Amino acid sequence: MLDSITSTAGGWIDSLWDVINRVFIFDARYTLWLEGLGNTLIIAFFALIIGLVFGFFLAVIRVFHGASENPSWILRILNRITKIFVTIIRGTPVMVQLLIFHFIILVSVRNGVLVGIIAFGINSSAYASEIFRGGILSVDKGQTEAGRSLGLNYRQTMSRIILPQAIKNSLPALGNEFITVLKETSLAGVIAITDVTRAAQQIRGRTFDPTPLIFLAIIYLIMVLFLEFLIGRLERRLRRSDQR
């Protein structure tokens, strides 16, 4: 009985080693994985930066326009452009946007990673703008009145009282947006970027073995869990600061 169990365990270990060797080690295929993972992280990181910065700017335009009794013509034009932009980006698939950026808008750009960063960043900014706008509007109006009663003007009230609370309120939704952008980068391969998904597909094509797709799912799961861990720690730290 013991010999049978040992033999079975040994067979499983040999099979696992054979899979690892075929998927990662043979012909230095781990370099393809590392290149793909590096490109995925680069695209996701910088796309998130663009999404947050540009999305925040768009949200401020919408909020300032809504709060102004008599907005200037510049603010009215910017608000209209912002609404049209958000509607178009949220109403079209991210893959279509990626293809448009690659073959039309940025056709002269030869760096596929840069195209991916811009395309995913612009897409993320539309969603981030609505998240920020919702967070700002969720702050009680009494906070604005309290700031004005302290002698602060509208901009000072927004920057010192409203926006810190709005960002804190928006954090859970922003965390979901971070995870969404990370997973959406798996589409980067459609414009010939060697991301981690494309790397897995190339190895699958060479080995005629679907196992690389299982490893791909595990890699994405690990990245998402790590991101959830960081977001959770940040949320707990913010809650502790509220209790002081």
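This briefing goes through two surface patches, two loop residues with positive phi, and a pair of neighbouring residues in one helix. The model is predicted. One of the patches is positive and is formed by arginines, whereas the other is nonpolar and covers about 680 Å². The two loop residues are Ala 192, with a phi of about 65 degrees, and Phe 208, with a phi near 55 degrees.

**Surface patches**

- Five arginines, namely Arg 233, Arg 236, Arg 237, Arg 239 and Arg 240, together form a positive patch on the surface.
- Within this group, Arg 233 has its place in helix H9, which runs over residues 211–243, and Arg 233 counts as partly exposed because its relative accessibility is 45%, a value that falls between the limits of 20% and 50%.
- The nonpolar patch, of about 680 Å², is made by Met 95, Val 96, Leu 99, Ile 100, Phe 103, Ile 104, Ile 105 and Val 190.
- One of these residues, Ile 104, lies in helix H4, which spans residues 94–105, and Ile 104 counts as exposed because its relative accessibility of 58% is over 50%.

**Loop residues with positive phi**

- Ala 192 is not a glycine, and yet its phi is positive, at about 65 degrees.
- The loop that holds Ala 192 lies between helix H7 (154–184) and helix H8 (196–207), and Ala 192 is exposed there, with a relative accessible area of 55%.
- Phe 208 is likewise a residue other than glycine with a positive phi, in this case near 55 degrees.
- The position of Phe 208 is in the loop between H8 and H9, and because its relative accessible area is 76%, which is over 50%, Phe 208 is classed as exposed.

**Leu 78 and Asn 79 in helix H3**

- Asn 79 belongs to helix H3, which covers residues 73–91, and Asn 79 counts as buried because its relative accessibility of 7% is under 20%.
- The side chain of this buried asparagine, Asn 79, makes a polar contact with the side chain of Arg 62, at 3.3 Å.
- Leu 78 also lies in helix H3, but with a relative accessibility of 34% Leu 78 counts as partly exposed, whereas Asn 79 counts as buried.
- Leu 78 and His 65 are 13 residues apart along the chain, and their C-alpha atoms are separated by 8.9 Å.

Terms used:
Residues are numbered from 1 along each chain as its sequence is written. This is a predicted model: local features need pLDDT of at least 70, side-chain atom pairs count only at pLDDT 80 or more; totals for chains, interfaces and linings use all residues. Side-chain values use heavy atoms; hydrogens and water are left out. Patches are made of residues with over 30% relative accessible area and no salt bridge: like charges are joined within 9 Å, nonpolar side chains (Val, Leu, Ile, Met, Phe, Trp, Tyr) within 5 Å. Accessible areas come from the Shrake-Rupley method with a 1.4 Å probe; for residues, only the protein chains shown count as cover. A salt bridge is a side-chain nitrogen of Lys or Arg within 4 Å of a carboxyl oxygen of Asp or Glu. Lys and Arg count as positive and Asp and Glu as negative; His and the chain ends are not counted. The place of a charge is taken as NZ of Lys, CZ of Arg, CG of Asp or CD of Glu. Helices (H or I, at least four residues) and strands (E, at least two) are DSSP runs, numbered from the N terminus. Buried means under 20% relative accessible area, exposed over 50%, partly exposed in between (1.4 Å probe, protein chains only). A polar contact is a pair of N or O atoms within 3.5 Å; within protein, one must be able to donate a hydrogen and the other to accept it, and residues adjacent in sequence count only if both atoms are side-chain atoms.
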